[in-house]
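Me: I am new to this structure and would like a close look at a single part of it. Please take one loop and the helix after it, and then place them in the rest of the chain.

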Amino acid sequence: MSSTPRKRRWSQAIPVTGPVRHTIDTFMIVIGSLITALAFNLFLVPNEIASGGVSGISVITQSQFGIEPAYIQWGLNIPLFFAGFLLLGRDYAIRSLLGTIVLPLFVFLTRSFPVPTTDALLASLYGGIGVGIGLGIVFRGRGSTGGLSTLAQIIQKYSGLSLSVCVVLMDGLVIGLAGFILSPEKALYALIGLYITGKLIDLIELGFGYTKVAYIIADNTEAISKAVLSELDRGLTKLNAQGGYTGDDRTVLMVVVGQSEVTRLKTLVQTLEPTAFVIITNAHEVLGEGFKRS
């Protein structure tokens, strides 16, 4: 059972669809690819940090044979794109086409930018941050940069392995190759960059703000419900539960609030029932009534 406040304190965004949505997605894919390319050229390539994927392969080949990383990326991404089109379908190909083309293009165009650091640790940290932000923006734009992620999805489809396992296998092979050809130390730096990239992608995709979800277990749930609805102007959901020790049926209130409202909620509950049991946890992103629209 759920209740909704009579008034709305928070403005509602109009969902973006159609040509406007496609324009925004295209812009995000282009900007995300540019950020990724800058991080790649400023930090990863000069310090020979091959943190997985086709970009990691291009770092290895550039260090050994002097071939421009953009050429290697185009050379690998294009056949992988067609493989994805044939084996994964038209929808996947459409989503990855733009990123497959523009990311190597930006890598080529920014290849001569001055290098800010030759410290491998700093390069792995900032390179991981930049690539993570760039790829996160691309994914928010419902796009893809192709590469070994395409191969990972093909392996997943025909092997039955989970996608995460396939991605780890692909990146692990590249980093292992870097450790063998370049140096074990460079491979360790690459692992740092890869870890940070994954965290930043999650952060960009899920959102920077941490909305809070509160679970309230109390005897006087009706009074707390009315106070949340009237004083916080927030909706809530009543969950049917059973005490693990007593076996008694009881109601648990679930309330989603903004970061700035947490103290008010705790004060309100403690005022009405000091012995109430309150659990507060993070929610990376909340879509719907009173919060943002997708």
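Reply: Here is a walk through one loop, the helix that follows, and their setting.

Keep in mind that the model is predicted. Start with the whole chain. There are 10 helices and 5 strands. The chain has 294 residues, and 41% of them count as buried. About 15,900 Å² is exposed, with carbon and sulfur atoms supplying 63% of that area. Now look at contacts between residues at least 6 apart in sequence. Of these, 75% join residues at least 24 apart.

Now zoom in on the loop. It runs between helix 4 (90-109) and helix 5 (120-140), and Thr117 is found there. Is Thr117 buried or exposed? Its relative accessibility is 14%, so Thr117 counts as buried, because buried means under 20%. What does Thr117 touch, leaving aside its neighbours within four places in sequence? The contacts are Phe43, Asn47, Leu122 and Ala123.

Thr117 also has a polar partner. A polar atom of its side chain lies 3.0 Å from the backbone nitrogen of Asp119. Asp119 then has a role of its own: it caps the N-terminal end of helix 5. Here a side-chain oxygen of Asp119 lies 3.0 Å from the backbone nitrogen of Leu121. So the trail goes from the side chain of Thr117 to the backbone of Asp119, and from the side chain of Asp119 to the backbone of Leu121.

Follow helix 5 along. This helix has 21 residues. From its first C-alpha to its last it reaches 29 Å, close to the 30 Å expected at 1.5 Å a residue. After helix 5 comes Arg142, with a positive phi near 60°.

Next, helix 6. It covers residues 148-159 and has 12 residues. Its reach from first C-alpha to last is 16 Å, close to the expected 16 Å. Which residues of helix 6 are buried? They are Leu148, Thr150, Ala152 and Ile154. Gly160 follows helix 6, and its phi is positive too, near 85°.

Finish at the surface. Phe85, Leu86, Leu87 and Tyr158 make a nonpolar patch of about 440 Å². Helix 3 (residues 69-88) gives the largest share of the patch, 3 residues. One residue of helix 3 is Leu86. Leu86 counts as exposed because its relative accessibility is 69%, and the cut-off for exposed is over 50%. Set that beside the loop: Thr117 counts as buried at 14%.

Note on methods
Residues are numbered from 1 along each chain as its sequence is written. This is a predicted model: local features need pLDDT of at least 70, side-chain atom pairs count only at pLDDT 80 or more; totals for chains, interfaces and linings use all residues. Side-chain values use heavy atoms; hydrogens and water are left out. Patches are made of residues with over 30% relative accessible area and no salt bridge: like charges are joined within 9 Å, nonpolar side chains (Val, Leu, Ile, Met, Phe, Trp, Tyr) within 5 Å. Accessible areas come from the Shrake-Rupley method with a 1.4 Å probe; for residues, only the protein chains shown count as cover. A salt bridge is a side-chain nitrogen of Lys or Arg within 4 Å of a carboxyl oxygen of Asp or Glu. Helices (H or I, at least four residues) and strands (E, at least two) are DSSP runs, numbered from the N terminus. Buried means under 20% relative accessible area, exposed over 50%, partly exposed in between (1.4 Å probe, protein chains only). A polar contact is a pair of N or O atoms within 3.5 Å; within protein, one must be able to donate a hydrogen and the other to accept it, and residues adjacent in sequence count only if both atoms are side-chain atoms. Contact means heavy atoms within 4.5 Å. The expected span of a helix is 1.5 Å times one less than its number of residues.
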